[in-house]
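This report describes one protein chain for a reader who is new to structures. Please keep the sequence and the model in view while reading.

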Amino acid sequence: MKKEIKKIASMALLSVLFVGCAKDFFDPEVNEYLTDQRKKELQGNAKNKKQLLEIELRGIYNNNAATQNSNHDGFGLKAVDAGFDHTGLDLVQASRSWFIFDYNFDNKKANFRRPAFVWNFLYKQISSINTVLADYFPTAPDTNTEQEVYQKYAELKTMRAIFYYYLVNTFAKTYVGNQGSLGVPLMLNPGDDKLPRATVQQVYDQMIADLTVVDDARFQITPDNKADADKAVGAAYLAKIYACQGNWTEVQRYALIATEGPTPSLTSSADVQAGKWDISMNSWLWGFDITQETRTYWNSFYAHMDNSIPSSYAGGGAFKLIYSNLYAKIGDQDVRKKLYINETLFPDIAAKYRAMNPHLPKYANVKYVTNTDFTSDYCYLRREDPYLLYIEALVENNLLDEAKGALEYLVKDNRDDAAYDLSALTTQEQLRQEVRLQRRIELWGEGTSFFDWKRWKTGINRYEAGSNHLLKVEVPAESEKWIYQIPKAEMESNPNMIQNE
């Protein structure tokens, strides 16, 4: 692992990459590189330190959306999301292409590419973060640390926790009932290598420790800069972590911080129907601005999810469809039902998109229609995600009337379903199933479903009557199929590593 991680760890010293745009501000005599000595001198000034940290962080953020290898399913964090969304119930892939083994629930073995990609990408990012933390914050910030500098420190801690959230939920059992089982190695310092696996409990403790920055008033929400993992992002992931633990009081608390209240500004119905994916959207909490310079063409999220472009992987035949039984549960007036081809209910929509790609089948998604030059932005987190966790917490805390009101705010007030009626749902279990259903509908294709199925411990069954799945499989809750194996290269290089089943 260390050999691979060093490639990106060195990237964390991003003055090399960005000094061209910042050297005049820092030092007119610097021609190409900032020396370590000069960088240390600049860190003594809070304004300079903040700017240096922004440069370092920008490299890590950029790598979240960068091509990681020569394969066309290695486009950073959204590639991780896409692989896991294929591995579930609600996304149907219409033919063999990239992600086919994920779709078949058969991409977890140690010698397969998916475990290696997820492991290497996330640990490379963690290694870069550790290097920056050690370089700029050899001791934790104290009460005298300026807000702008603390903000950058908190962003680093937030991202490290996020990457460990992905890792422990990929390579370990669920938290509840398995706290003492093997998690993943906790790399917290530059040079950490060949570490044994920490327990699941230890990994969760570390994620929560990193995210204590959310409770510091100096860590702020920055709505004008959605590219940064700000306080709202940190709070949202704290809510996700506590949801895995079943600590619903804390889920409710931190989800409300992320949403900035119980009636937040959500994606408008018009933007939902338009399939608009732009980092400037008010409901986005964290994303990446895809431009002519940062786009990755066929090795991109939209190449695999946009069915409208006949030359893309999705539009060329590996169509990405919604699960028919999930689609049937969306109200006919709900704007989200218009995000999938149905010539009977919405002939004008079907005609519009079939003019772009005449081969679009029923249930093909038009949620992810991108610009033809692949410059729609990447969304890592929308406000709807923590809002649905907030509603889930209301249900689990047995605040059923409040949960009903929040569901109606989402579906009736913000998704135009005037017929949405919860009067027949009178028990906690009925509302539990309803909020889970709405989470599946709202966040379809956004990278949450695999971890949700796993923490819900419900299993999936593609053999259900009415299923449109081409590859059918039934995976019980807590099956070994939900836990990926440690990559072969890591097993061979680390004598302290223990393999999963």
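The text below covers annotated regions, aromatic rings, one helix and a few loop residues.

The model is predicted: local features need pLDDT of at least 70, side-chain atom pairs count only at pLDDT 80 or more, and totals for chains, interfaces and linings use all residues. Residues are numbered from 1 along each chain as its sequence is written, and side-chain values use heavy atoms, with hydrogens and water left out.

**Annotated regions**

UniProt, in an unreviewed entry, lists "domain: SusD-like N-terminal" for residues 97–242 and "domain: RagB/SusD" for residues 289–500. UniProt positions are given in the numbering used here, feature names are shortened, and annotations may be inferred rather than shown by experiment. Helices (H or I, at least four residues) and strands (E, at least two) are DSSP runs, numbered from the N terminus. Residues 97–242 are 52% helix and 0% strand, with the end C-alpha atoms 36 Å apart. Over residues 289–500 the figures are 35% helix and 6% strand, and the end C-alpha atoms are 37 Å apart.

**Aromatic rings**

Rings of Phe, Tyr and Trp (its six-membered ring) pair if their centres lie within 6.5 Å; planes under 30 degrees apart count as stacked, over 60 as edge-to-face and the rest as tilted. The count by this rule is 36 aromatic pairs. One of them is edge-to-face and joins tryptophan 98 to tyrosine 313, with 6.3 Å between centres and 75° between planes. Tryptophan 98 is in the loop between β1 (91–93) and α6 (100–103), and tyrosine 313 is in the loop between α13 (301–305) and β3 (320–322), so the pair ties together parts 215 residues apart in sequence. The rings of phenylalanine 450 and phenylalanine 451 also form an edge-to-face pair, with centres 5.9 Å apart and planes at 65°. Both of these phenylalanines are buried, where buried means under 20% relative accessible area, exposed over 50% and partly exposed in between (1.4 Å probe, protein chains only).

Ring pairs also link a cluster whose members include Phe301 and Tyr327. A charge sits over a ring if NZ of Lys or CZ of Arg is within 6 Å of the ring centre and within 35 degrees of the ring normal. Lysine 78 lies over the face of phenylalanine 301, 4.8 Å from the ring centre, and lysine 337 lies over the face of tyrosine 327, at 4.8 Å from the ring centre.

**Helix α17**

Helix α17 (residues 400–414) has 15 residues and reaches 20 Å from its first C-alpha to its last. That is close to the expected 21 Å, which is 1.5 Å times one less than the number of residues. Its buried residues include Leu400, Leu407 and Val411. Among the elements that cover the buried residues of α17 are α16 (384–396) and α18 (428–442), with contact meaning heavy atoms within 4.5 Å.

**Loop residues**

Most residues other than glycine have a negative phi. The table gives two residues with positive values.

| Residue | Phi | Loop | Relative accessibility |
|---|---|---|---|
| Tyrosine 297 | near 50° | between β2 (284–288) and α13 | 39%, partly exposed |
| Phenylalanine 374 | near 60° | between α15 (347–354) and β4 (378–382) | 5%, buried |

What does aspartate 289 touch, not counting residues up to four places away in sequence? Aspartate 289 touches Ile279, Thr294 and Asp377. Aspartate 289 is partly exposed, at 40% relative accessibility.
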